[in-house]
Amino acid sequence: MSVIGVDVGGTKIAAGRLTRGMIVAGPVVIPTPAGGPAIIEAIAGLVADLSAGSPDGIRGLGVGLPATIDAVTGRVVHSVHTGMDDFDAAARLVERVGMPVFLDNDANLAALAEHRLGAGRGHDHVVMLTLGTGIGGGVIIEGRVFRGGRGHGAELGHISVDGNGPPCQGGCPGRGCIEALCSGSALTRAFCAFADANRASALGRLHQSGMLDSESGLALAQEGDADARAVLATAGEWLGVAVASLANTFDPDVILIGGGVSAAGELLLGPARTVYHARALPPTRRAPLLVAGLGPDAGMVGAALMAREGVGA
Ligand SMILES: [Zn+2]
């Protein structure tokens with residue numbers, strides 16, 4: 001019994017066929033085309049390719065999107081990184097692929113995958129933040145994904161830790177959200193600001209060569225550059241303020257950090273943990289703060305698990 005999981009990101013789409021929670025085909029990765037209809041066609045092509053080699057047919061399709069999705073209607077309400085706005089993604093996919101389709105926010109699915117198979121396994125209460133271009137959030141309560149009233153809940157990237165802080169991005173009217181302070185794009189801005197003010201530093205030289213972004217800055221930090229490490233530590237401290245509030249709110253068993261920025265590891269999580277432990281209420285600072293376990297496959301695996309559980313298999 002196989003299902004297909006698809007993780008749609010702002011730049012690439014990853015798809016795989018899973019049997020009993022194991023990836024048996026894929027991940028196949030293609031660039032994300034522009035606009036909702038083109039993305040639907042791309043997903044349909046991936047489903048056709050992955051179905052072709054399946055001996056026992058495909059029972060369902062799960063799709064994760066970087067989007068706010070109406071859980072009642074299956075419509076994408078808003079998605080900055082894919083250009084989908086008020087788009088009937090679920091109905092179009094059902095029509096196109098002819099099998100049950102399940103749609104959810106990508107960070108919810110990453111949290112689901114980590115809970116079932118990754119670093120959250122064995123815990124009933126899991127909070128997860130995915131640090132990429134933006135910041136996604138997923139919350140598992142009593143073993144189930146928390147989605148709020150219409151499916152728009154757990155947008156943990158838009159927790160504000162500085163009410164007068166920098167404006168947020170991607171249509172969020174907030175200020176000082178952790179997405180504005182600790183995401184990949186926020187790190188790029190912070191590295192570049194330091195580089196502009198310190199042109200003789202390694203970050204400054206990298207910036208002048210036009211090569212400075214969150215990934216190259218992170219690589220410099222991992223090589224031991226003190227300035228790059230300081231920028232990461234500041235972002236980590238803001239993250240820690242949010243983690244303390246999340247611990248106080250949910251009393252989770254574990255708090256996981258995933259997404260591309262989590263490659264920073266302890267350079268980010270160390271300062272975050274120090275602030276978290278200093279600021280959370282004593283009874284709630286029990287949850288370990290860890291890097292997630294499934295890496296870049298988490299969203300795709302979570303999408304497949306949602307489909308498997310959705311068809312009752
Ligand atoms: Zn925000």
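Q: Why does T19 count as buried or exposed in this predicted model?

A: T19 has a relative accessibility of 14%, and buried means under 20% relative accessible area, so T19 counts as buried. This residue lies in strand β2, which covers residues 12-19.

Q: What makes the pairing of T19 and S2 a polar contact?

A: The side chains of T19 and S2 are joined at 2.8 Å, and a polar contact needs a pair of N or O atoms within 3.5 Å, so the pair is called a polar contact. When neighbours within four places in sequence are left aside, T19 is in contact with M1, S2 and V24.

Q: Why is G240 classed as buried or exposed?

A: The relative accessibility of G240 is 0%, and the cut-off for buried is under 20%, so G240 counts as buried. G240 sits in helix α8, where, not counting residues up to four places away in sequence, G240 touches A272, V275 and Y276. The C-alpha atoms of G240 and A280 are separated by 9.4 Å, although the two residues are 40 residues apart along the chain.

Q: What makes α8 parallel, perpendicular or oblique to α9?

A: The axes of α8 and helix α9, the latter spanning residues 266-279, come within 6 Å and cross at roughly 40 degrees. Angles under 35 degrees count as roughly parallel and 65 to 115 as roughly perpendicular, which makes α8 oblique to α9. In addition, α8 passes α9 in a right-handed crossing.

Q: What is the relation of α5 to α7, and why is it called that?

A: Helix α5 (residues 184-197) and helix α7 (residues 214-222) have axes that come within 8 Å and cross at roughly 70 degrees. The range for roughly perpendicular is 65 to 115 degrees, and therefore α5 is roughly perpendicular to α7. The contact is made by G184, L187, T188 and F191 of α5 together with S214, G217 and L218 of α7, and α5 passes α7 in a left-handed crossing.

Q: Which residues touch the most other members of the largest nonpolar core?

A: The largest nonpolar core has 45 residues, and L129, L232, L239, L268 and Y276 touch the most other members. Helix α8, residues 226-250, gives the most to this core, with 11 residues. Apart from this core lies another, of 30 residues, among them A42, I43, L61 and A89.

Q: With which residues is L129 in contact, leaving aside its neighbours within four places in sequence?

A: L129 is in contact with I135, G136, L156, I178, L239, V243, L246, L256, I257 and G258.

Q: Why do D86 and E142 count as buried or exposed?

A: D86 has a relative accessible area of 55% and E142 a relative accessibility of 63%, while exposed means over 50%, so D86 is exposed and E142 counts as exposed. D86 lies in strand β7 (residues 84-87), whereas the place of E142 is in the loop between β10 (135-141) and β11 (144-145).

Q: What is noted about phi in D86 and in E142?

A: Phi of D86 is near 45 degrees, a positive value in a residue other than glycine, and E142 has a positive phi of about 50 degrees although E142 is not a glycine.

Q: What omega does the peptide bond from G26 to P27 have?

A: Omega is near 0 degrees, and the bond from G26 to P27 is cis. P27 is placed in strand β3, residues 22-31.

Conventions:
Residues numbered from 1 in each chain as written. Predicted model: local features only at pLDDT ≥ 70, side-chain atom pairs only at ≥ 80, totals over all residues. Heavy atoms only, no water. Core = buried A, V, L, I, M, F, W, Y, C linked by side-chain atoms within 4.5 Å. Buried < 20%, exposed > 50% of the residue type's maximum accessible area, 1.4 Å probe, protein only. Helix = DSSP H or I, 4+ residues; strand = E, 2+ residues; numbered from the N terminus. Contact = heavy atoms within 4.5 Å. Polar contact = N/O pair within 3.5 Å; in protein donor to acceptor, adjacent residues only side chain to side chain. Axes fitted to C-alpha atoms, helices over the stretch in contact; angles between N-to-C directions. Parallel < 35°, antiparallel > 145°, perpendicular 65-115°, else oblique. Left-handed = near helix turned anticlockwise from the far one by under 90°.
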